[in-house]
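Here is a short briefing to read alongside your structure. It begins where the chains meet and then moves outward, topic by topic.

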Amino acid sequence: MAVVYEKTKLLTDKPLHYCPGCTHGIIHRLVAEAIDELGIQGKTIGIAPVGCAVFAYDYFNCDMMEAAHGRAPAVATGCKRVNPDNIVFTYQGDGDLASIGAAEITHAATRGENITVIFVNNAIYGMTGGQMAPTTLPGQVTTTSPYGRDPKLCGYPIRISEMLATLDGPAYISRVSVHDVKHIMEAKKAIRKAFEMQIAGKGFSLVEVLSACPTNWGMTPQEALKWLEANMIPQYPLGVKKEVE
Amino acid sequence: MAKLTIDRETCKGCGLCADVCPKHLLALSKDINAKGYHPICITEQDKCIGCAFCARMCPDAVIKVEK
C-alpha cells in the first residue's frame, strides 16, 4: 500500500494545544508541508508570535525563535539580514500583527525585507479570551463588544493585505481561506509561492489566511467554518493582492 | 481499497473530517480517549476511496491514508 497522505515530518510529535476545530492546526500543517516540499528544512528559521500560536516553536521541526508581542517582523528582519542564506518566516495572528505589531509589519513590508509572513486572521483575540481585534467584523459580538462592533464607536476592520499591497516594497501578498478542502489546497499553493518568492530573493511576501475560532466565536467547529465563509470572505475578499514579476 | 489510520489519542473530536468525507464514512466514537474527547472512527473501512479529504481537513493531523 502506498501512502496517500500522512503527517509531515516538519511537524513535531507534540500534540497541538489548540481548541478542537481550530484551524491553526491546518495552517501549521500547510506551512510545514511547504517547507518540506521545498527541501529547506535545514536552513529555515521561524519566528513565533504572541497569541494562540505562541507555542509554534514546539510544533515546527525547524529552528524557531520567539518574539515579543507584534515584533516578529522586526526579529525576522535582523535574522534575515544576519543570515541572508537562511529562509525566515513569521507566523502571526491578527491581534499580534494588525494591532500591536501594525508598525513592525508595515515597515518590514515597505522596506521589502526578504522574509515570509504567515498572517492568521480569525477576527478576534483568541488566547486572551475573545476580545475585539482590529479585524473584528462590524456587528460581530466579542467580549469587549457585547452588542456587536459598532464602527461609529470602534472604527472599521483593517484589511491588512490590501493596505500592504499599496506599498512599493512587498513582492507577493495573497489572501486565502481554509474553510474547505479546495480552499486548503489553494492556501497551500499560496504559502508555497510565498516561500518561493523569498528563495528567489524577490522580497517581502505575506499570506493572510482566514481562520476560524470556534471557542471565542461561540460556535461549533462546523458552524464556525460556515460563518467564516458567509461573513469573513465578503469582508476580506480572497485572491492575490500583489505579485511582482 | 484504501486504509485509514487514526491517532485516537491525539484526535479532539471536532468532526471536521466527517463533514468533508464524500462517502460519509467517519463518525465520532461512543467511547472517549485519555483527553476526554470522542475520537473519530471509520465506520466502513472497505468503502473508503482514499481521497484523503479527511486528512487534509484535520487540524491535528491525526489521519494517515494509504491506498
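In this predicted model, β1(A) and β4(B) run antiparallel and are joined by two bridges. Within that pairing, A:Tyr5 sits opposite B:Val65 of β4(B). The pairing belongs to an open sheet of three strands, ordered β1(A)-β4(B)-β1(B).

**The sheet shared by the two chains**
- Pairing in this open three-stranded sheet is antiparallel.
- The edges are taken by β1 (3-5) of chain A and β1 (3-6) of chain B; each has a single partner strand, so one side of each is left without a neighbour in the sheet.
- On average, and ignoring direction, neighbouring strands of this sheet are turned by 30° against each other.
- As general background, strands of a sheet pair through backbone hydrogen bonds, either parallel or antiparallel.
- On the chain B side, β1(B) is joined by four bridges to β4 (residues 63-66), and these two strands run antiparallel.
- If you want a residue to look for there, B:Thr5 stands opposite B:Lys64 in β4(B).

**The contact between chains A and B**
- Chain A and chain B each bring 23 residues to the contact.
- Which elements of chain B give two or more residues to the side that touches chain A? They are α1 (16-20), α2 (53-57) and β4 of chain B.
- The largest share of that side comes from α2(B), with four residues.
- By character, the residues on the side of chain B that touches chain A divide into eleven nonpolar, eight charged and four polar.

**Chain B as a whole**
- Chain B has two helices and four strands, and they follow the pattern β-α-β-β-α-β along the sequence.
- The radius of gyration of chain B is 11 Å, which agrees with the value near 11 Å for a compact globule with 67 residues.
- Its C-alpha trace spans about 30 × 20 × 20 Å along the principal axes.
- Of the 67 residues in chain B, 42% count as buried.
- Among contacts in chain B with a separation of 6 or more, 65% are between residues 24 or more positions apart.

**The nonpolar core**
- In soluble globular proteins, nonpolar side chains tend to be buried together.
- Here the largest nonpolar core has 97 residues, and those with the most contacts inside it are A:Ile118, A:Ile191, A:Val209, B:Cys17 and B:Cys54.
- Leaving aside residues up to four places away in sequence, A:Val209 touches several residues, including A:Ile27, A:Ile118, A:Phe119, A:Val176 and A:Ala187.

Key: Residues are numbered from 1 along each chain as its sequence is written. Chains are lettered from A and ligands numbered from 1 in the order in which they are written. This is a predicted model: local features need pLDDT of at least 70, side-chain atom pairs count only at pLDDT 80 or more; totals for chains, interfaces and linings use all residues. Two strands pair if DSSP finds at least two bridges between them. Axes are lines fitted to C-alpha atoms, for helices over the stretch in contact, and angles run from 0 to 180 degrees between N-to-C directions. The radius of gyration is taken over C-alpha atoms; the globule rule is 2.2 Å times the number of residues to the power 0.38. A residue is buried if 20 or more other C-beta atoms lie within 10 Å of its own, exposed if 12 or fewer, and partly exposed in between; C-beta atoms are placed from the backbone. Two residues are in contact if their C-beta atoms, placed from the backbone, lie within 7 Å. A nonpolar core is a set of buried Ala, Val, Leu, Ile, Met, Phe, Trp, Tyr and Cys residues joined through C-beta atoms within 7 Å. Ala, Val, Leu, Ile, Met, Phe, Trp, Tyr, Cys and Pro count as nonpolar, Asp, Glu, Lys and Arg as charged, and the others, Gly among them, as polar.
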